[in-house]
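Please examine the sequence and the structure shown below. The report that follows begins with a single residue and then turns to the whole chain.

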Amino acid sequence: MKIKNILTTCLVCCGFVAAFTSCSKDEEAFFTAGPDDVPRILNTDFPDGGFSIDRDQNLKFEVLVTPVDYTTVKWYTDGDEAWTGANIDKAFEAGDYQLKIEATTVQGKKTSREMKLTVSPLDGDPVAGNDIMERYQEAGTTVTLSGSNMAYVAKVKINGREMDVTSATADHIQYTIPADIPEGQYRLSLINAEGVSYGGGIVNISGQAIVTESVFISALPGQLTFSGRKLDEVAAVAVNGQPCTIVSQQADKLVVELPALADGNYTMQATTKSGANVMFIKDGALVDAASVSVAQVIINQSDFIGMSGGQVSFAGSNLNNVATLTVGGQACTIVNQTASSLVVQLPEMEEGTFDVKATTASGSAVKFIQDDQLVDVASIKVSLIAEDILWQGNHAVDWGTIWEDNGTVTTELKKLAKPRAILRLYVKRTDTEYAKGCAAVGWADIVKGGVDPNRGDVNINFEDTYVDFVLTNKSMELINSGNLQVVGHGFNVTKITIIQPSEEELWAGKHAIDWGTIWEDNGTVTSVLKGMAGVGSVLRLYVKRTADDYCIGCAAVGWADIVKGGVDPNRGDVTINFEDTYVDFKFTEKSMELLNGGNLQVVGHGFDLLKITIQ
C-alpha cells in the first residue's frame with residue numbers, strides 16, 4: 001500500500017475517533033503541518049542500490065513529502081536540475097548518474113535523498129569504452145574514442161555543443177574538441193544520423209599534464225616510468241620531498257631515477273615548467289599526488305603453489321641478493337638465481353598453506369607485492385603431488401545422487417583452470433553391473449558441452465583409481481556459467497584435483513625485434529593457439545636482449561597488447577633486462593577476442609625472439 005493511501009486511511013479514522021476523543025498533540029502536529037515546518041521525505045520504497053532502468057524506459061517514481069502544500073520537489077542528476085515535481089517521468093541517456101531528490105519549503109527549508117541512477121544501453125546501441133586517457137582531453141585537440149557499434153555515430157555533444165565525427169568505424173570514432181570549451185567535467189552524448197542521442201559517459205576537459213597511474217612500486221636503486229599526456233612539460237618530480245633525476249622525457253612518456261631511499265611507502269608529486277601540479281589518475285579522478293613503494297629486493301607476487309620437495313619459481317627485481325627463503329619456517333634450497341628470477345626447492349613437508357619469508361645477506365626483509373602494496377610475508381599452498389586438490393571426501397554417485405558443488409570448488413577452479421589443464425576425478429567403482437561418470441556443469445560434459453546421450457560419460461573399471469578430463473575453451477565457458485558437478489552411476493568420488501598443462505612450443509627460431517621488424521605470424525601459429533589456449537593460459541616469449549639504450553616487448557594482435565588490448569602508449573610493453581630469458585603474458589577474455597580478429601605479433605625494440613610457447 002502506498003504511504004499516501006495509508007495517510008488517507010489514518011485521516012478518515014481520525015474523523016471517526018474525533019467524535020469520542022481529541023487527537024494527541026503529536027498527531028495534530030503531523031497532520032496540520034504548515035509552511036514553517038521542516039520538510040520530510042516519507043518514502044520507504046526507494047530501491048536498494050538506487051534506480052536501474054533500460055535506455056528505452058522512463059524513470060517513473062512518486063516522492064511523498066510533508067508539508068505537501070508548501071514543498072517543491074526537484075530532481076538533480078550529477079548536480080544539474082533534471083525535473084521539477086514530486087512525480088518524475090523522464091527518459092535518460094545510458095550511463096551512471098548521481099541522483100539527488102531535494103524537497104524545499106516556501107520558507108527555504110530543505111531535505112534531500114541521494115542515490116545512484118543506472119541507465120543501461122540496449123543491444124545495438126553505440127557504447128563508449130572506458131579507456132581512462134580517452135576520458136581526459138584537452139580543448140582544441142582531436143580525440144579518438146573507442147567503443148562498440150560506433151560506426152553509427154555522426155556527432156557528439158559536450159556542454160551543449162555538437163561536434164561532427166570526422167571518422168567512424170565499428171570500434172572507434174574521431175572528433176575535435178572546440179578550443180573555447182572551458183575546462184571541466186561534462187557528460188558526453190553520441191548522436192546518430194537520425195538525431196537519436198545515446199549516452200557516452202563522462203569526459204573531462206583539462207589542459208593539465210596527466211599521468212595515467214597513481215600507484216607505483218620499484219626496487220632500489222631503480223627507475224619509474226610514467227605514461228600520460230604533456231609529460232614533456234614536467235620540470236620536477238620529488239619522492240618524499242627528495243628530487244628525482246629525469247632520465248628521458250617525451251610528451252607521452254617520462255622516466256625518472258629514484259633518489260636514495262629506505263624501504264617504505266612514500267608520496268610523490270610533480271610540477272610542470274609553469275609551476276602547475278602534474279595530476280595523477282586515481283579511481284577515475286585526478287589527484288595531485290601518487291604513492292610510491294620501494295624496497296631493495298622485490299618478488300612480484302604474494303601467493304604461490306608448490307609440491308612438497310618440488311621447485312618453485314619466483315620473478316622480481318634484484319633477486320640475486322636473496323640470501324634465504326623459508327616456507328613454514330623451513331629453509332628452502334636455492335637452485336638458480338639471477339636478478340630477475342629465483343628458483344628454490346621446497347623441503348619435504350605436509351600438505352597445507354604456509355608463510356613464505358625471504359631475507360637478503362644483510363638480514364633485511366625481501367618484499368612481496370600484494371594488492372599494489374609491499375608486504376613482508378607471502379603464502380604458498382603445498383601439495384604432496386603435482387596437483388591442486390579442489391575437494392576431498394567420499395560421495396556415492398548415482399543418477400539421483402550426483403556430486404554438486406555449492407560454488408566453493410568452482411570459485412577455486414576458475415582461478416586455476418585453463419585449456420589443456422587436466423581435471424582429475426579420483427573414483428572407486430561400487431556397482432558390479434556398470435559404472436560410468438563425467439565431470440559436468442548443468443549436466444553438460446566439461447570438455448565439449450555435450451548432453452545425454454552424447455555427454456561423454458567415461459566407463460569406470462574396478463582397477464581405475466581416477467578418470468581425467470582435459471579442459472577446453474568450452475570448459476572455460478561452462479565453468480563461468482555454473483557450478484561443477486560429477487554425474488554418473490555406480491562409483492564413489494573421493495577427490496577432485498586439477499593438474500596444470502605442460503609448456504608446449506608454438507614457434508622456435510631467431511628473429512630480431514625492432515619497431516620496423518616485428519615478428520608476425522602468417523596464421524599458422526594463431527590457428528594452433530586458438531585451439532589450445534584460453535583464459536588463464538600463459539603465452540611465453542623466450543627472448544635475448546640486444547640493445548643498450550632500452551628494451552621492451554609485447555605479445556600483440558594488430559599492435560594491441562594480448563592481455564588488455566591496450567595500444568601505444570598504454571600497450572603493456574614489458575621491460576626486458578639482460579638477465580631475462582623469457583616474458584609471460586596471461587590470457588584474458590580480451591586475448592581470445594583479439595586472436596579471433598587477427599594474427600599473433602611480437603612487437604617492441606632491442607631483443608631477439610627465440611621461442612614462443614603456451615602453457
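Which residues does Thr272 touch, not counting residues up to four places away in sequence?

## Thr272 and its surroundings

The model discussed here is predicted. In this model, Thr272 touches Ala209, Glu233, Val234, Ala235 and Val278, when residues up to four places away in sequence are not counted. Thr272 belongs to strand E25, which covers residues 264-272.

Is Thr272 buried or exposed? Its relative accessibility is 7%, and a residue counts as buried when this value is under 20%; Thr272 is therefore classed as buried. The side chain of Thr272 also makes a polar contact, at 3.0 Å, with the side chain of Ser274.

## Thr430 in a loop

Thr430 is located in the loop that lies between strand E42 (422-429) and strand E43 (436-441). With a relative accessibility of 47%, Thr430 falls between the limits of 20% and 50%, so Thr430 counts as partly exposed.

Apart from its neighbours within four places in sequence, Thr430 is in contact with Gly490, Phe491 and Asn492. For Phe491, a further detail is available: its backbone nitrogen lies 3.4 Å from a polar atom of the Thr430 side chain. Thr430 and Ala396 are 34 residues apart along the chain, and their C-alpha atoms are separated by 8.6 Å.

## A sheet of six strands

One open sheet consists of six strands in the order E34-E35-E31-E29-E37-E38, and its pairing is mixed. Its edge strands are E34 (333-337) and E38 (373-375), each of which pairs on one side only.

Within this sheet, strand E29 (residues 298-299) and strand E31 (residues 311-317) run antiparallel and are joined by two bridges. Ile298 stands opposite Ser317 in E31.

## The protein as a whole

How many helices and strands does the protein have? Its secondary structure comes to six helices and 57 strands. The C-alpha trace spans about 90 × 80 × 55 Å along its principal axes. Of the contacts with a separation of 6 or more, 67% are between residues 24 or more positions apart.

The protein has 615 residues, of which 44% count as buried. It exposes about 30,000 Å², and carbon and sulfur atoms supply 48% of this area. The protein carries 48 positive and 78 negative charges, and the mean positions of these two groups are 2 Å apart.

Terms used:
Residues numbered from 1 in each chain as written. Predicted model: local features only at pLDDT ≥ 70, side-chain atom pairs only at ≥ 80, totals over all residues. Heavy atoms only, no water. Helix = DSSP H or I, 4+ residues; strand = E, 2+ residues; numbered from the N terminus. Buried < 20%, exposed > 50% of the residue type's maximum accessible area, 1.4 Å probe, protein only. Contact = heavy atoms within 4.5 Å. Polar contact = N/O pair within 3.5 Å; in protein donor to acceptor, adjacent residues only side chain to side chain. Areas by Shrake-Rupley, 256 points an atom, 1.4 Å probe, with all protein chains shown as cover. Lys, Arg positive; Asp, Glu negative; His and termini not counted. Charge placed at Lys NZ, Arg CZ, Asp CG, Glu CD. Pairing = 2+ DSSP bridges.
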